[in-house]
Amino acid sequence: MTETPVPWRPTSFPADAAAAAQLREWLDDTSYALHGVGHDFRGAGLSDGDFSGAWLIDAVLTGVELESASFYRADLTGADLTGANLVDADLVRAKFDRAVLRSARLDGADMVKASLHDVDASGASLRGTRIMGASLYAVDLRGADLTDAVLFQNTFKVTVDDTTLVRGLTGTAFGPVTVVSGEGSREVSGADLEAWIRARGGEVQVIPPQRRVQ
């Protein structure tokens with residue numbers, strides 16, 4: 001006898017009544033994408049949930065448990081994910097423009113073709129994260145941990161500092177990168193950027209603009 005799969009349910013609902021009601025309504029009919037624009041999901045346990053295509057513009061997801069959740073093609077523009085747990089999450093083609101990812105955990109997440117423009121990801125952990133064909137433009141990665149992360153032909157116009165960890169970082173990317181130090185900031189690209197990463201234990205090929213695949 002084939003057992004009927006048990007529908008996914010959150011381990012806890014948001015403390016905010018409006019957000020909890022919206023989530024319950026969606027759980028009753030998941031044939032459409034979750035519409036959580038501007039809602040406060042703090043206190044929710046949403047690990048393993050499928051939020052593909054969700055509208056989470058300006059949502060508050062501070063400290064929310066989202067481990068192994070799917071946000072395929074979800075729109076998280078302006079969302080606050082400070083301290084959120086996104087370990088092993090599916091973030092393929094997700095939109096994080098103007099989002100806050102301070103101290104968020106994205107270890108092992110899949111960020112293929114994700115969009116991150118004007119994002120504060122300072123102190124974030126991206127250990128082993130797959131950042132491939134993604135667009136990172138004006139992303140603050142000061143104090144972030146990119147140990148063993150994999151890059152592939154990403155726009156990688158990010159800001160780093162001496163506390164940004166890149167040991168084991170591999171792949172290809174387009175620069176330049178802004179390096180902040182006690183002496184100020186400077187743009188580093190090409191062979192100089194490769195050398196900067198190599199000196200810190202990574203091995204990334206920086207692709208000149210003329211070699212970019214259209």
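**Rings, cavities and a buried leucine**

Trainee: Over which ring does the charged end of Arg24 sit?

Mentor: A charge sits over a ring if NZ of Lys or CZ of Arg is within 6 Å of the ring centre and within 35 degrees of the ring normal. The charged end of Arg24 is 3.8 Å from the centre of the ring in question, that of Phe13.

Trainee: What kind of model is this, and how are its values set up?

Mentor: Residues are numbered from 1 along each chain as its sequence is written, and side-chain values use heavy atoms, with hydrogens and water left out. Local features need pLDDT of at least 70 and side-chain atom pairs count only at pLDDT 80 or more, while totals for chains, interfaces and linings use all residues, since the model is predicted.

Trainee: How far apart, centre to centre, are the rings of Phe51 and Phe71?

Mentor: Rings of Phe, Tyr and Trp (its six-membered ring) pair if their centres lie within 6.5 Å; planes under 30 degrees apart are stacked, over 60 edge-to-face and the rest tilted. A search of the whole structure gives 3 aromatic pairs. One of them is stacked, with 25 degrees between the planes of Phe51 and Phe71 and a centre-to-centre distance of 5.4 Å.

Trainee: How many residues apart in sequence are the parts that this pair ties together?

Mentor: Helices (H or I, at least four residues) and strands (E, at least two) are DSSP runs, numbered from the N terminus. Phe51 and Phe71 both lie in the loop between helix 1 (17-28) and strand 1 (115-120), so the parts tied together are apart in sequence by 20 residues.

Trainee: Is Leu61 buried or exposed?

Mentor: Buried means under 20% relative accessible area, exposed over 50%, and partly exposed in between (1.4 Å probe, protein chains only). Leu61 lies in the loop between helix 1 and strand 1. Its relative accessible area is 2%, so Leu61 is buried.

Trainee: Which element supplies the largest share of the lining of the second largest cavity?

Mentor: On a 1 Å grid over the protein atoms alone, a cavity is a set of points where a 1.4 Å probe fits but cannot get out, and lining residues have an atom within 4 Å of a point. Leu193, Trp196 and Ile197 are among the residues lining the second largest cavity. Strand 4 (150-161) and helix 2 (190-198) each supply at least two lining residues. The largest share, 3 residues, comes from helix 2.

Terms used
On a 1 Å grid over the protein atoms alone, a cavity is a set of points where a 1.4 Å probe fits but cannot get out, and a pocket is an open set with protein on both sides within 12 Å along at least five of seven lines; lining residues have an atom within 4 Å of a point.
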